[in-house]
Amino acid sequence: MDLYEALKESRDNETSLIHKAKTLTQEMGQQESVLDKADRFTEGDQTDVTKLRQELLTRVNELAQSEERHEKLLYDLYLLEEDKKEIEREYERNVKPEDIEKQVKDLTKATEDMKSEIAQRTQEAKQLKEDIKSKQR
């Protein structure tokens, strides 16, 4: 019976090993499936990552351009404010029409006053000449 026992044990071992081989083959198939899925997932992720990087780069470039435009606009605003100040200074230096009218009125009045004073002095001078002539006679 030793031979029978050895044969039975050998068949049991063989059956056990065949069963274990089937289980390991199934497990290996599952792992290959998971690996294939992981490879496909990685490719998809890399594509997504590439897309996200490209979008990030695009947004960073847009932000840089926007900041550059903002700086240019601030500089333009500064130049325009300086121009405005210069124009206001020039305007303040210029004589205003109402000031000109007032000056014309003042000068006209001063001229009339001077004419009156000249006429009065001329009259006084004539009077003095006549007085001197009459005293000399």
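**Entry 1: ground rules.** Accessible areas in these notes come from the Shrake-Rupley method with a 1.4 Å probe, and for residues only the protein chains shown count as cover. With that settled, I looked up the surface: the protein exposes about 13600 Å², and carbon and sulfur atoms supply 56% of it. I am working with a predicted model, where local features need pLDDT of at least 70, side-chain atom pairs count only at pLDDT 80 or more, and totals for chains, interfaces and linings use all residues. Residues are numbered from 1 along each chain as its sequence is written, and side-chain values use heavy atoms, with hydrogens and water left out.

**Entry 2: overall form.** I found two helices and zero strands in the protein; these are DSSP runs (H or I of at least four residues for helices, E of at least two for strands), numbered from the N terminus. The radius of gyration is 58 Å, well over the 14 Å that the globule rule gives for 137 residues, so the protein is more spread out than a compact globule. I noted that this radius is taken over C-alpha atoms, and that the rule is 2.2 Å times the number of residues to the power 0.38. The C-alpha trace spans about 195 × 20 × 15 Å along its principal axes.

How much of the protein is made up of buried residues? I read 0% of the 137 residues, with buried meaning under 20% relative accessible area, exposed over 50%, and partly exposed in between (1.4 Å probe, protein chains only).

**Entry 3: charges.** I counted Lys and Arg as positive and Asp and Glu as negative, leaving out His and the chain ends. Each charge is placed at NZ of Lys, CZ of Arg, CG of Asp or CD of Glu. The 26 positive and 35 negative charges have mean positions 15 Å apart.

**Entry 4: patches.** A patch takes residues with over 30% relative accessible area and no salt bridge, joining like charges within 9 Å and nonpolar side chains (Val, Leu, Ile, Met, Phe, Trp, Tyr) within 5 Å. I found a negative one on the surface, made of Asp2, Glu5, Glu9 and Asp12. Asp12 sits in helix 1 (residues 2-93) and is partly exposed, at 46% relative accessible area. Lys126, Lys129, Lys133 and Arg137 form a positive surface patch. I placed Lys129 in helix 2; Lys129 is exposed, at 57%.

**Entry 5: salt bridges.** Side chains of opposite charge can pair when their charged atoms come close. My cut-off is a side-chain nitrogen of Lys or Arg within 4 Å of a carboxyl oxygen of Asp or Glu, and the structure holds ten such bridges.

In helix 2 (residues 97-136), Asp106 and Lys102 lie four residues apart, about one turn of the helix. Their closest N and O atoms are 3.5 Å apart, in a salt bridge. Asp106 is partly exposed at 43%, whereas Lys102 is exposed at 53%.

Which residue pairs with Glu117 in a salt bridge? I found Arg121, with the closest N and O atoms 3.6 Å apart. The two are four residues apart in helix 2, so about one helical turn separates them. Glu117 is partly exposed at 37%, and Arg121 is exposed at 52%.

Glu55, Arg59 and Glu62 are joined into one network by salt bridges that share partners. Within that network, the bridge between Arg59 and Glu62 is 3.2 Å from N to O. Arg59 and Glu62 are three residues apart in helix 1, which means about one helical turn between them. I noted Arg59 as partly exposed at 45%, and Glu62 as partly exposed at 39%.
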